[in-house]
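Biologist: I am new to this model. Please take a close look at one part for me, the place where the two protein chains meet, and then follow it out to the DNA.

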Protein chains: 2
Amino acid sequence: MKWDALEEEPCSLARTVAVIGDRWTLMILRECFLRKRRFDAFQTSLGITRHLLADRLKKLVRFGVLRRIPYMDSPKRYEYILTQKGLDLYPIIMSVVHWGNVHMVDSRGRPMLHEHKLCGKHFDPLMICSECGEPVFAKEVHVHPGPGAREAVAPKANISKARTTKASRA
Amino acid sequence: MKWDALEEEPCSLARTVAVIGDRWTLMILRECFLRKRRFDAFQTSLGITRHLLADRLKKLVRFGVLRRIPYMDSPKRYEYILTQKGLDLYPIIMSVVHWGNVHMVDSRGRPMLHEHKLCGKHFDPLMICSECGEPVFAKEVHVHPGPGAREAVAPKANISKARTTKASRA
DNA sequence: ACGCTAAGGTTCTATTTTAGAACTGTCAAC
DNA sequence: GTTGACAGTTCTAAAATAGAACCTTAGCGT
């Protein structure tokens with residue numbers, strides 16, 4: 001399966017994976033949330049090859065996650081800043097970091113602590129239900145098809161080689 | 001940078017990316033949360049090559065995210081079920097799906113809807129601060145080093161080739 | 001004028017991953 | 001005794017990534 005195919009799956013997870021589902025993209029976004037904005041700053045702190053960094057930045061701009069803004073003319077210099085779409089990735093970043101904090105730390109403890117400026121305390125992110133405000137667990141969630149689901153009955157059912165099916169859900 | 005190097009970074013994001021940061025792992029985990037458990041079930045619904053599926057399942061078992069349980073002797077057959085460590089990935093999955101729901105759907109709408117059995121309503125996941133209960137936004141969070149951070153002053157500062165640095169944070 | 005550095009890339013080859021398909025082995029049913 | 005399900009393994013070809021060098025515009029020091 002190609003990356004481009006992922007974007008078109010009728011599955012919100014697959015489509016998001018098409019944007020952030022590689023070795024480097026989440027790391028680049030981490031740097032963005034740490035207020036890094038420039039090519040060399042990303043390259044130095046991540047150790048990513050310049051080739052790949054250029055490629056990933058282009059991709060993130062294409063997806064509307066970052067915006068490429070000139071901050072100097074002659075020579076033209078650009079920096080990359082998060083759009084609202086990019087800022088909305090914050091819950092993903094935080095839940096990824098939190099899982100690492102819980103399950104992947106060594107004996108020395110957490111590499112980083114997060115302080116909530118509103119209340120002044122070190123915190124963990126907690127996922128709650130937007131409707132009732134209770135914490136959500138996998139077993140308490142029932143999933144069912146929405147309007148954008150793949151049609152149940154295939155209109156043209158000429159699935160020639162069903163061996164390598166690519167069906168999917170969200 | 002190799003995958004193995006990622007696991008050892010002093011950064012909870014990098015370490016988590018070492019587990020879930022590839023094209024297929026999150027998709028496999030989606031199927032797990034949709035109650036799929038068997039090799040062929042994964043392969044059929046994802047269209048992943050059998051080679052890669054075997055590899056990713058092994059990796060997830062090695063990381064303690066899945067457990068490989070025999071459900072039949074002669075012939076020996078196994079199924080893969082989420083451990084608690086695996087179930088704890090749910091907020092990541094949900095925040096990824098939610099971002100896709102908000103930013104990557106086409107005109108037909110969401111492919112899937114999530115119902116919270118506790119309150120009976122369709123919901124979105126919401127990230128709040130564990131301390132004050134308010135929704136968290138990137139600009140309201142201050143990050144600083146924790147006990148597991150890379151030591152600020154290098155004990156043996158013989159960084160021979162500083163050109164290709166690999167520094168990192170969490 | 002000359003060399004040096006900085007930023008933001010591009011280009012090149014070598015290595016690693018992934019895709020795609022076929023093959024293996026065990027058992028049960030037809 | 002052939003077919004089919006299940007859970008993989010093995011093979012070759014194609015794609016992605018690593019690692020390093022190179023390019024361009026421009027400022028600074030001498």
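Modeller: Across the interface of chain B and chain A, 38 residue pairs are in polar contact, both residues at pLDDT 80 or more. A polar contact is a pair of N or O atoms within 3.5 Å; within protein, one must be able to donate a hydrogen and the other to accept it, and residues adjacent in sequence count only if both atoms are side-chain atoms. Helix H7 (residues 90–103) of chain B gives the most to the side of chain B that touches chain A, with 12 residues. Helices here are DSSP runs of H or I with at least four residues, strands are runs of E with at least two, and both are numbered from the N terminus. By class, that side of chain B has 52 nonpolar, 22 polar and 23 charged residues. Ala, Val, Leu, Ile, Met, Phe, Trp, Tyr, Cys and Pro count as nonpolar, Asp, Glu, Lys and Arg as charged, and the others, Gly among them, as polar.

This is a predicted model: local features need pLDDT of at least 70, side-chain atom pairs count only at pLDDT 80 or more, and totals for chains, interfaces and linings use all residues. Residues are numbered from 1 along each chain as its sequence is written, chains are lettered from A and ligands numbered from 1 in the order in which they are written, and side-chain values use heavy atoms, with hydrogens and water left out.

Back to the interface. The rule finds 2 salt bridges across it. One of them joins the side chains of B:Arg15 and A:Asp106, at 3.7 Å from N to O. A salt bridge needs a side-chain nitrogen of Lys or Arg within 4 Å of a carboxyl oxygen of Asp or Glu.

The contact (heavy atoms within 4.5 Å) takes 97 residues from chain B and 95 from chain A. Together the two chains bury about 9300 Å², with 65% of it on carbon and sulfur atoms. In chain B, B:Leu13, B:Arg23 and B:Trp99 lose the most area to chain A, together 8% of what that side buries. Buried area is the accessible area (1.4 Å probe) that two parts lose on being put together, summed over both.

The copies meet through the same surface, because 97% of the interface residues of chain B are also interface residues in chain A. A rotation of 180 degrees with 0.0 Å of shift along its axis superposes chain B on chain A, at an RMSD of 0.0 Å. That is the relation of a two-fold axis. The fit is by least squares on the C-alpha atoms of residues with pLDDT of at least 70 in both copies.

Now the DNA. DNA strand D has 22 residues around it, and A:Arg56, B:Arg68, B:Tyr71, B:Arg77 and B:Tyr80 are the closest. To be near a strand, a residue must have a heavy atom within 4 Å of it. H5(B) gives the most to this surface, with 4 residues. A polar side-chain atom of B:Arg68 lies 2.8 Å from a phosphate oxygen of strand D. For the side chain of B:Tyr80, the distance from an N or O atom to a phosphate oxygen of strand D is 2.7 Å.

DNA strand C also has 22 residues around it, with A:Arg50, A:Arg68, A:Tyr71, A:Tyr80 and B:Arg56 nearest. H5(A) gives the most here, with 4 residues. A polar side-chain atom of A:Tyr80 lies 2.6 Å from a phosphate oxygen of strand C. Chain B reaches strand C too: an N or O atom in the side chain of B:Trp24 is 3.1 Å from a phosphate oxygen.
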